[in-house]
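The following note sets out points for a colleague who has the sequence and the coordinates to hand. Please read the points alongside the display.

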Amino acid sequence: TYPNPVKHILNIEMKLPAHASHQVEIYNIKGQKVRSFSAVGSKNPSDYTYEWDLKDDENRPVSSGTYILRLSLDGKHAISKRITAFGE
């Protein structure tokens with residue numbers, strides 16, 4: 001993920017092994033999900049890129065603060081990362 005801290009757009013780049021499906025979820029510090037991205041997987045290792053525009057799933061700007069990124073592969077939690085966002 002870059003940049004961190006983020007002011008406008010967070011780039012999320014991943015190299016994933018073969019898998020059926022994956023999901024990237026972004027949570028605020030209270031544990032509330034604010035945004036999610038998902039895709040059907042690939043039979044081969046693949047690269048994926050998402051851009052988070054610091055808006056929630058309802059297209060509302062998020063507030064400044066710390067956010068947690070969680071990647072799940074085939075329903076299993078894989079990675080967490082802290083992101084500092086300077087939203088509205």
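1. How many residues lie between β5 and β6 in the hairpin that they form, and which residue in the turn has a positive phi? There are two residues between the strands, and the residue in question is Asp74, with a phi of about 50°. The model under discussion is a predicted one.

2. The two arms of this hairpin are β5, covering residues 65-73, and β6, covering residues 76-85. They run antiparallel and are joined by nine bridges. One pair of bridge partners is Arg70 and Ser80, the latter in β6.

3. As to the overall architecture, the chain has six strands and zero helices. Its pattern along the sequence is accordingly written β-β-β-β-β-β. In a regular strand, side chains alternate between the two faces of the sheet.

4. A second antiparallel pairing involves β1 and β4 (residues 46-52), with seven bridges between them. Within this pairing, Leu10 has Trp52 of β4 as its bridge partner. Strand β1 spans residues 10-16 and is mostly covered, since five of its seven residues are buried. For the chain as a whole, 34% of the 88 residues count as buried.

5. Pro17 merits a separate remark. It is found in the loop between β1 and β2, the latter comprising residues 19-28. Is Pro17 buried or partly exposed? Its relative accessibility is 44%, so it counts as partly exposed, because that class lies between the limits of 20% and 50%.

6. Beyond residues up to four places away in sequence, Pro17 touches Pro45 and Leu73. Pro17 and Leu73 are 56 residues apart in sequence, yet their C-alpha atoms are 9.2 Å apart in space. On the scale of the chain, 51% of the contacts with a separation of 6 or more are between residues 24 or more positions apart.

7. With regard to dimensions, the radius of gyration is 13 Å, which agrees with the value near 12 Å for a compact globule of 88 residues. Along the principal axes, the C-alpha atoms fill a box of roughly 40 × 20 × 20 Å.

8. Finally, on the surface and the charges: the accessible surface of the chain is about 5,500 Å², and carbon and sulfur atoms contribute 49% of this area. The chain carries 12 positive and 10 negative charges, and the mean positions of the two sets are 6 Å apart.

Methods: Residues numbered from 1 in each chain as written. Predicted model: local features only at pLDDT ≥ 70, side-chain atom pairs only at ≥ 80, totals over all residues. Heavy atoms only, no water. Helix = DSSP H or I, 4+ residues; strand = E, 2+ residues; numbered from the N terminus. Rg over C-alpha atoms; globule rule 2.2 N^0.38 Å. Buried < 20%, exposed > 50% of the residue type's maximum accessible area, 1.4 Å probe, protein only. Contact = heavy atoms within 4.5 Å. Areas by Shrake-Rupley, 256 points an atom, 1.4 Å probe, with all protein chains shown as cover. Lys, Arg positive; Asp, Glu negative; His and termini not counted. Charge placed at Lys NZ, Arg CZ, Asp CG, Glu CD. Pairing = 2+ DSSP bridges.
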